[in-house]
Amino acid sequence: MQRPYKRLWLSLNASFKHLVLCVCFLCSLPLQASEQVRLGIQLEPPSLDPTRTAAASAGEITWCNIFEGLTVVNGEGLLKPRLAKEWSLSEDGLTYTFKLHKGVMFHDGTDFNAQVAAFSLQRILNEENQNPQRKWFEQVASITAEDDYTLIIHLYRPDSMLPFALSLPAAVMVHPESAANNGERPVGTGPYLLDHWDKGNAVTLERNPDYWGKQPVLDSASFIFMKTSVGTENALAEGLVDGLLSVTRVGNRFVIRPDYRMNARKLQSKMILAINNAKPPFNDLKVRRALSHAIDRKRVSQLYGAQFQPDLIGSHFPPSHPAYVDLVDRYPYNPEKARILLAEGGVSEDKPVRLTIPPTDYGRYGGLIIAEDLERVGFKVELEQLDWPTWLEKVFTQKDYELTLIMHVEPMDLNIYARDNYYFNYDNQAFKQIWEQVLNARNNDELNRLFGDAQRQITEDAVNVFLFMRPEQNLMDRRLAGIWNKTPIPSFVLEDVYWTEAR
């Protein structure tokens, strides 16, 4: 058995070696020119195919850069056509018709048409392909190409959310001849194509000279993997990157630097204390409501540091959306009220409870704060720390947990509360009826009203303890403009980015 100080030395030595390799790689990149940008990103994706991996970092790099969908949620946060010119919905709400752009080619010169679009969407429906957003397409009955540029989607029942679902990274268009290799050598229709993937270091994209749409300004972009906080801050200090994506913690010396600026992102990463609604005593509404009163959300939200002020939430919905209902004060922090509700629910003092946490900073540090709050109202908490594969298998698949702390990053994912056998084990017919009406909504006013009803229902049911929105921001060189900060899709879209001054 290694002594603690020897294990620490080995860990520090490994971190130093990685830092040296990272700096050497950064120094080997070309000197910055006005047509290039170098971006630090926290996680390297296991695959560059967002239709086959749940890793958000795949879409962060490829969405609207390499790959495109039929629709897009643009830089202003608006749902618009992309590879589709327009779409229409039949009177009965069961048939969508998409008219596609002509003259679109994939990077390898193959044509994009309605037959290819049908292949892409049918591939999503195939369970064997393990598309991470397949659930969004459960209402799709059939997909056909009426002609080369007209795509018909028939539904089992109305689904007002389908045009949004088609904008997700997991719904991008792929070609039958190249789809199998997109994980390593992605081939899309977008304004950028893959130059090279230096695994462990960076993915570099270059401008697509044959792009069907407006040519972007930047010639190339490198997404550089920042694996350590020391490496990140050194890269910034040495000017080896032009910006960082999804910053949640950074030294004050960079926040106050005049050559950088922080830009808030309108992502929808919702931190929750997830509750297994089927596990006693948490199958009791009073006990779940007690948990909501027991947790000091404001204190938990401070784990990201004083320079970030996360928005607290009272339901599973982002404050940036026009349909947001402010339910933050429905369960104010009140340990005494929590103890009363626990007693009414028959929960005895020192009741053992298992809090399962993933291997993230919010899991490690937030889990300790949550445990303190739970023990303050009478629970005896056992912290169970798991790696990601084990968390996914044990919590998400097997539902073998009582409480877990987790970040839900998918945009507009309120539909998960209507799913059967989801890991919360929440099964409420009232909510499912509301969601049925959501799917049948025929205009935005009706849709937003129903979104409000859905938020209120899961809050009244105290399905989970809704905590706050992760305060993600981009830290960028002040001379970079055209960044899509308002899209809820986790991504860094390059097509409008440019330098306001030469370097």
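Buried means under 20% relative accessible area and exposed means over 50%, with partly exposed in between, as judged with a 1.4 Å probe and protein chains only. The model is predicted, so that local features need pLDDT of at least 70 and side-chain atom pairs count only at pLDDT 80 or more, while totals for chains, interfaces and linings use all residues. Residues are numbered from 1 along each chain as its sequence is written, and side-chain values use heavy atoms, with hydrogens and water left out.

**Exercise 1. Classify Phe396 by its accessibility, and state which surface patch contains this residue.**

Step 1: Phe396 belongs to helix H11 (residues 388–397), where helices are DSSP runs of H or I with at least four residues, strands are runs of E with at least two, and both are numbered from the N terminus.

Step 2: Phe396 counts as partly exposed because its relative accessibility is 36%.

Step 3: Together with Trp388 and Leu392, Phe396 forms a nonpolar patch on the surface, and the three have about 270 Å² of accessible area together. A patch is made of residues with over 30% relative accessible area and no salt bridge, in which nonpolar side chains (Val, Leu, Ile, Met, Phe, Trp, Tyr) are joined within 5 Å and like charges within 9 Å. The areas come from the Shrake-Rupley method with a 1.4 Å probe, and for residues only the protein chains shown count as cover.

**Exercise 2. Identify the residues of the negative surface patch, and locate Asp111 and Asp148 in the fold.**

Step 1: The patch of negative charge gathers Asp111, Glu146, Asp147 and Asp148 on the surface; here Asp and Glu count as negative and Lys and Arg as positive, while His and the chain ends are not counted. The place of a charge is taken as CG of Asp, CD of Glu, NZ of Lys or CZ of Arg.

Step 2: Asp111 sits in the loop between strand E5 (95–100) and helix H3 (114–125), and its relative accessibility of 48% makes it partly exposed.

Step 3: Asp148 occupies the loop between strand E6 (140–147) and strand E7 (150–155), and is likewise partly exposed, at 42%. Its C-alpha atom is separated by 8.9 Å from that of Lys102, although the two residues are 46 apart along the chain.

**Exercise 3. Determine which parts of the chain are linked by the salt bridges of Glu76 and Glu495.**

Step 1: Side chains of opposite charge can pair when their charged atoms come close. A salt bridge requires a side-chain nitrogen of Lys or Arg within 4 Å of a carboxyl oxygen of Asp or Glu, and the structure holds 30 of them.

Step 2: Glu76 meets Lys486 in a salt bridge at 3.4 Å, N to O. The pair joins the loop between strand E2 (71–73) and strand E3 (79–81), which holds Glu76, to the loop between strand E19 (480–481) and strand E20 (498–499), which holds Lys486, across 410 residues. Glu76 is exposed at 52%, whereas Lys486 is partly exposed at 44%.

Step 3: Glu495 forms a salt bridge with Arg82, with 2.6 Å between the closest N and O atoms. Glu495 lies in the loop between E19 and E20 and Arg82 in the loop between E3 and strand E4 (84–89), so this pair ties together parts 413 residues apart in sequence. Glu495 is buried at 16%, and Arg82 is buried at 8%.
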